Each structure stands twice: as C-alpha cells, then as structure tokens.
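Hello,

Here is the structure I promised to pass on. Please open it beside this message; my notes follow below it.

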Amino acid sequence: MLVEPELERVGPEQADAEWERFEQALERTKDQLQGLLDRAADDVGAEQAGIFEAHLLMAEDPALLAEVEKGVRGEHLRAEGAFYRVMERYMVAMRKFDDAYLRDRVMDLDDVTRRILANLRGEERSGGAGFDHVLLARDLAPSETMEMDRARVLGFATEAGSPTSHTAILARSLGIPAVVGLHDVHSHVRPGDTVLLDGAEGVLIVNPTRETVITYESARRRRARVDGQLHALREGEAVTRDGRRVLVAANIELADEIGSVMAQGAEGVGLYRTEFLFLHHGEEPGEEAQAENYAAAARGAGEHGVIIRTLDIGGDKLPAGGEWQSEGNPFLGWRGIRRSLQQTDLFRTQLRAILRASAHGRVRVMYPLVSGVEQVRQANALLAGCMEELAAEGIPFDASIGRGAMIEVPSAAVIADLLAGEVDFFSVGTNDLIQYSIAVDRVNERVADLYQPCHPAIIRLLRNVVEAAEASGLWVGVCGEMAGDIALTPLLVGLGFTELSVGASQIPRVKHAIRTLDAGECRELVRRALGLRHHQEIFARSRQMARSYYAELLE
Ligand code: PEP
Ligand code: MG
C-alpha cells in the first residue's frame with residue numbers, strides 16, 4: 001500500500017540536507033536495483049533482467065532528478081513530497097494513453113516510486129509470510145515478483161494485469177504459477193482458504209474438493225514428465241512422419257536472448273523485434289551500437305541465422321515519453337515501414353547496421369506492416385543505396401542478403417502474388433493480421449472473443465499467402481503467436497508453411513507436434529476446413545487432430 005506523501009515545506013536552511021537525504025535514498029535504491037538485476041540475470045536471463053535495467057535508468061533520469069531538485073532546493077519542499085509530485089505527474093500523463101505498452105511502463109514507474117519512497121522513509125520491504133502460501137494481490141510490480149520468497153510463495157493471482165504485462169512475463173520465466181487479470185478475486189477468497197491455482201489454464205479454485213485436488217495433482221505430474229521428455233528431444237530437425245521438413249525458429253526481443261533460445265532447440269531466429277532495442281535504451285542507438293548488437297545475434301543464431309525486422313515502433317509499442325505524438329488510431333497510424341519510409345535517416349542507419357552484421361553470420365532483413373508494393377520497392381531502393389555506400393567505404397556485407405515482407409495487413413495478404421516479385425521470403429504476422437482482418441483491437445479485452453485465429457477469413461488469407469509464395473518459389477513462415485499454439489500446428493503444417501517462429505518455451509513442443517503429424521493428413525484437414533463456416537468448427541477439427549497425435553501436450 002502506497003501512502004502518498006503530503007507537500008510539506010522545510011526551512012530554507014534545511015534544503016541542502018533534505019537534498020542530501022534524497023540522494024542517499026537514491027543511492028540505496030540503485031544498489032538494491034543492481035542487486036535485483038544481478039539476481040534476475042542469473043535466474044531468468046538477460047531479457048527479464050532488462051526490467052530492472054529500465055528501473056535503474058528511471059532512477060538515474062537527469063530530467064526527472066532536476067525537477068525534484070528544483071522542488072527541494074528551489075521551493076524548499078520536503079524530499080518525499082517533491083519527489084512524489086514529479087513522479088505522479090509523469091504517471092498521470094502516461095495513463096492517458098490507452099495502450100498496453102504504456103500501461104506497463106506506468107507500473108514500472110510506480111514500482112520505482114514506491115522503492116525510492118520506502119528508502120526515504122527508512123522502511124524495510126516486507127519479508128513475507130513464514131509459511132507456504134498463494135499470494136493474492138490487486139496488482140504486483142515486476143520487482144515484487146522478483147523479490148518473492150520463492151521457497152514460500154507457491155503461486156500468485158492478481159486482479160490487474162494482462163498476459164503481456166512484465167509481471168506475467170517474469171512469472172513465466174521464473175516458473176511461478178500465476179493467474180493475472182482475475183477481476184474482483186478478493187471478494188471471493190479469505191485468508192486461510194485453501195486455493196488451487198492453475199497457471200496454465202488461468203484458473204483459481206477456492207476450497208477445492210479432495211477429488212479436484214487429486215485430479216490436478218496427477219495432471220501436474222504428467223505435465224512435468226512430458227516437459228522432461230520434450231527437453232531431451234529439443235535438438236534436431238522437425239520433420240513430419242511423411243517427410244515434410246518445417247523449420248522451428250525463435251522470436252526474440254533482445255539480442256541477449258540468443259543463447260537461451262538456441263539452448264531450447266531453436267533453428268535460428270525467425271523474428272528479431274528490434275524496437276525493444278530502441279525502447280529499452282530510451283534513445284536511438286547509433287549505427288555502431290546497432291551493428292554490434294545485430295552481429296552478436298547473427299553469430300549466435302547458427303546456420304539458419306537471424307531475420308532482423310526493421311523498426312516497428314507504434315501501435316501498442318510506443319516509446320516512453322519523448323516527442324511521440326498521440327494519434328487517434330495508433331494501430332492504423334504511423335508505424336512500421338510507413339514510419340521508416342518517412343524517417344529515412346533513422347531507417348538508413350538501421351539498414352546499414354543490418355548490412356554490416358551480415359558479414360558476421362547469416363542475416364536477413366524484414367519490413368513490417370507492408371500494405372503495398374510501392375513501400376517494398378522504396379525500402380529495397382534504400383537498402384541498395386546503403387549497399388553502394390558500404391561498398392564505397394570498403395565495409396564488408398552480404399550483397400545477396402535475403403529481403404522479406406511481413407504479411408500482417410489484409411491488403412498485403414490479398415496481393416501476396418504482387419509482393420512476391422519484390423522479396424525473397426514472407427513471414428506472416430498473425431497477431432496483426434487477425435486484428436486488422438477482423439477489425440478487433442488485439443489488446444482490448446472487451447472484444448477479445450472476436451479475436452479468432454481460426455476465423456474462415458484468416459484461413460483463406462493464409463492460404464492465399466502460401467499459394468502466392470509457392471507460385472514464386474518463396475519460402476513462407478509464420479511469426480505471430482498462432483505459430484506457437486500447438487492446437488493449430490496441424491492447420492499451419494497443412495497450409496504449407498515452411499517455418500514456424502515461436503516463443504522460446506514453445507520450441508520443444510512445436511517440434512514434437514510437427515514430428516508426430518502427417519503432412520498429407522494436415523493438408524486434408526485444411527481442405528475440409530476451407531469448407532467450414534465457423535471458427536469453432538475449424539478450431540475443433542485442428543485440435544482434434546492434435547489430440548489424436550499428441551494429447552499429452554494439450555493437457
Ligand atoms: C505480428 O503482428 O504477428 C507480429 C509478429 O508482430 P508484432 O507482434 O511485433 O506486432
Ligand atoms: Mg505485427
């Protein structure tokens with residue numbers, strides 16, 4: 001519980017001591033965050049540790065600190081009030097944006113604010129209960145999740161949050177069972193109740209019967225056994241029983257993840273979302289820093305290499321603060337290739353960096369949010385210009401670098417045959433393709449039931465893209481979340497995709513699913529699915545086939 005400090009004045013002669021007190025609290029905070037950062041890096045890898053790096057950056061932000069200093073030294077305010085006034089203003093401004101990414105950043109700011117205030121007040125962060133328990137909270141900050149006594153906290157449930165919030169992501173990486181977004185859970189549970197928490201299905205059962213507990217316990221044992229077996233089989237290719245090879249690659253947000261995704265059995269990286277490199281650093285990384293970062297990913301990605309997607313800031317991934325202009329319809333606005341083709345300096349810097357990395361491993365470049373042929377031509381022309389520059393400067397690069405278009409806008413899916421003449425491969429971003437085709441905001445829970453990967457329109461669009469790619473001899477992958485849903489693997493294999501790029505934890509599962517399926521049967525499934533009218537029927541048939549081959553993975 002955050003007790004908001006009042007705006008209190010001190011005598012002018014106390015101002016310096018007050019500022020010193022604030023600086024000491026800040027130093028303590030930074031030490032704590034550094035400790036958490038080191039612990040997180042060891043326990044969950046560099047990607048999640050990035051959250052605490054972001055917290056550290058906030059605690060060191062010179063603009064923010066200058067404002068606090070003005071309040072303390074200029075207006076003679078007590079440090080708590082001066083500091084809270086500044087943070088509150090930032091949080092109020094950020095809450096006005098109706099998008100998931102900024103909502104998560106407000107949680108980060110809130111977390112840092114609590115920590116600094118606790119240090120100013122000399123409070124100890126709570127040590128937690130001395131017995132095994134399931135934690136219920138209205139909301140949990142990422143650092144609270146990290147600091148949890150994992151020997152005692154068996155799992156947690158929160159009223160707020162979404163599956164894409166940092167807290168949910170951290171819980172998954174730490175292996176803590178968690179259910180987020182359980183509206184009003186507090187009015188249904190009392191301290192001391194026995195609860196059963198199923199993180200996989202997002203279920204919390206209060207005071208379960210003995211039968212329910214026994215059923216869940218045996219399901220848990222089965223899942224653990226299957227995970228162990230899959231881990232042992234994660235290396236090697238994924239080939240269907242009738243000999244169809246499907247590449248299983250990983251999606252990454254930061255280059256540091258490369259080691260851990262390859263260790264999960266990934267065959268290269270099918271999607272490197274470079275915007276997180278920009279967002280995490282707060283400012284634009286220059287050509288040198290980008291080239292090094294991309295080269296590191298390329299070196300670690302093995303023979304299949306890394307597909308580097310050019311910047312896709314916008315939509316639900318807005319930069320925190322800066323000169324970002326609020327847009328009426330951010331998902332339909334200035335993002336992806338549209339933005340890059342207007343900010344050509346930024347784009348050319350990124351293209352040069354990607355080209356430079358192509359001398360250190362297999363690298364391909366991919367353009368996001370393509371909606372027409374002209375955009376790809378312009379992007380390719382800029383790429384060719386960068387190649388000429390680098391050649392003139394004597395800097396090595398791969399002159400035959402693969403160029404790809406993301407297919408995530410319905411217009412692109414419909415004219416895939418025309419786009420095929422401009423690129424070397426397609427990768428379908430189903431997250432956006434579904435949102436735009438069905439006109440359903442992918443982060444708005446009120447219309448979530450309309451967000452249906454098996455909608456007949458989506459299946460037809462996917463088929464159109466694969467047919468266009470095959471007719472032009474292009475390979476075509478899927479890098480949206482749909483690729484990692486093993487209930488849908490039969491459909492995607494049957495549609496003829498040659499690559500599935502998925503989140504790290506799904507790699508062994510997707511590989512196993514492909515190995516047990518028969519591509520001919522999957523094609524027949526798609527043929528029948530194309531005659532069906534309802535997404536429920538299409539989903540049910542795909543899931544039924546999945547169940548008949550790998551029921552143990554779907555439990
Ligand atoms: C997609 O849209 O499916 C995709 C992979 O891109 P992102 O989720 O980054 O928008
Ligand atoms: Mg997308």
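**Aromatic rings**

Trp19, Phe22 and Phe83 are joined into a cluster by ring pairs. Keep in mind throughout that this is a predicted model.

Across the whole structure, a search turns up five aromatic pairs. One of them is formed by tyrosine 272 and tyrosine 294. This pair is edge-to-face, with 6.0 Å centre to centre and 85° between the planes. It links distant parts of the chain. Tyrosine 272 belongs to strand β7 (residues 269-273), tyrosine 294 to helix α11 (residues 287-300), and the two are 22 residues apart. Both rings sit on buried residues: tyrosine 272 has a relative accessible area of 0%, and tyrosine 294 is also at 0%.

Phenylalanine 425 and tryptophan 475 also pair. Their ring centres are 5.1 Å apart and their planes lie at 5°, so this pair counts as stacked. Here too, distant parts of the chain are linked. Phenylalanine 425 is in strand β11 (residues 425-428) and tryptophan 475 in strand β12 (residues 475-478), 50 residues apart. Phenylalanine 425 is buried, at 1% relative accessibility. Tryptophan 475 is partly exposed, at 24%.

Two arginines deserve a look as well. The charged end of arginine 364 sits over the ring of phenylalanine 425, 5.6 Å from the ring centre. For arginine 339, the charged end sits over the ring of tryptophan 334, 4.6 Å from the centre.

**The magnesium site**

Which protein residues are donors to the magnesium ion (ligand 2)? They are Glu408, through OE, and Asp432, through OD. They lie 2.0 to 2.2 Å from the ion. Glutamate 408 is in the loop between β10 (402-407) and α15 (410-414), while aspartate 432 is in helix α17 (residues 430-438), so the pair ties together parts that are 24 residues apart in sequence. Are these two residues buried or exposed? Glutamate 408 is buried, with a relative accessible area of 2%. Aspartate 432 is buried too, at 3%.

**Strands β7, β8 and β9**

β7 and β8 run parallel and are joined by three bridges. Tyrosine 272, the residue of the edge-to-face pair, stands opposite isoleucine 308 in β8. On to β9 (residues 363-367): four bridges join β8 to this strand, and the two run parallel. The bridge partner of isoleucine 308 in β9 is valine 365.

Side chains in a regular strand alternate between the two faces of the sheet. In strand β8 (residues 306-309), Val306 and Ile308 point one way. Ile307 and Arg309 point the other way. All four residues are buried.

**Helix α11**

This helix has 14 residues. From first C-alpha to last it reaches 20 Å, close to the 20 Å expected at 1.5 Å a residue. Its buried residues are Glu287, Gln290, Ala291, Asn293, Tyr294, Ala295, Ala297 and Ala298. Residues three or four places apart on an α-helix point the same way, because there are 3.6 residues a turn. Just after α11, glycine 302 takes a positive phi of about 70°.

**The three-stranded sheet**

β1, β2 and β3 form an open sheet, in the order β1-β2-β3, with parallel pairing. Which strands are at the edges? They are β1 (133-137) and β3 (178-179), each of which pairs on one side only. Strand β2 (residues 153-158) is joined to β3 by two bridges. Alanine 157 stands opposite valine 179 in β3.

**Methionine 107**

Methionine 107 is in helix α5 (residues 100-120). It is buried, at 17% relative accessibility; the cut-off for buried is under 20%. Arginine 95 is 12 residues away along the chain, and the C-alpha atoms of the two are separated by 9.9 Å.

**Overall figures**

The protein comes to 22 helices and 13 strands. Of its 555 residues, 51% count as buried. Among contacts with a separation of 6 or more, 65% are between residues 24 or more positions apart.

Best wishes

Terms used
Residues are numbered from 1 along each chain as its sequence is written. Chains are lettered from A and ligands numbered from 1 in the order in which they are written. This is a predicted model: local features need pLDDT of at least 70, side-chain atom pairs count only at pLDDT 80 or more; totals for chains, interfaces and linings use all residues. Side-chain values use heavy atoms; hydrogens and water are left out. Donors are N, O and S atoms within 2.8 Å of the metal (3.2 Å for Na, K and Ca); water is not among the atoms, so sites may look incomplete. Buried means under 20% relative accessible area, exposed over 50%, partly exposed in between (1.4 Å probe, protein chains only). Rings of Phe, Tyr and Trp (its six-membered ring) pair if their centres lie within 6.5 Å; planes under 30 degrees apart count as stacked, over 60 as edge-to-face and the rest as tilted. A charge sits over a ring if NZ of Lys or CZ of Arg is within 6 Å of the ring centre and within 35 degrees of the ring normal. The expected span of a helix is 1.5 Å times one less than its number of residues. Two strands pair if DSSP finds at least two bridges between them. Contact means heavy atoms within 4.5 Å.
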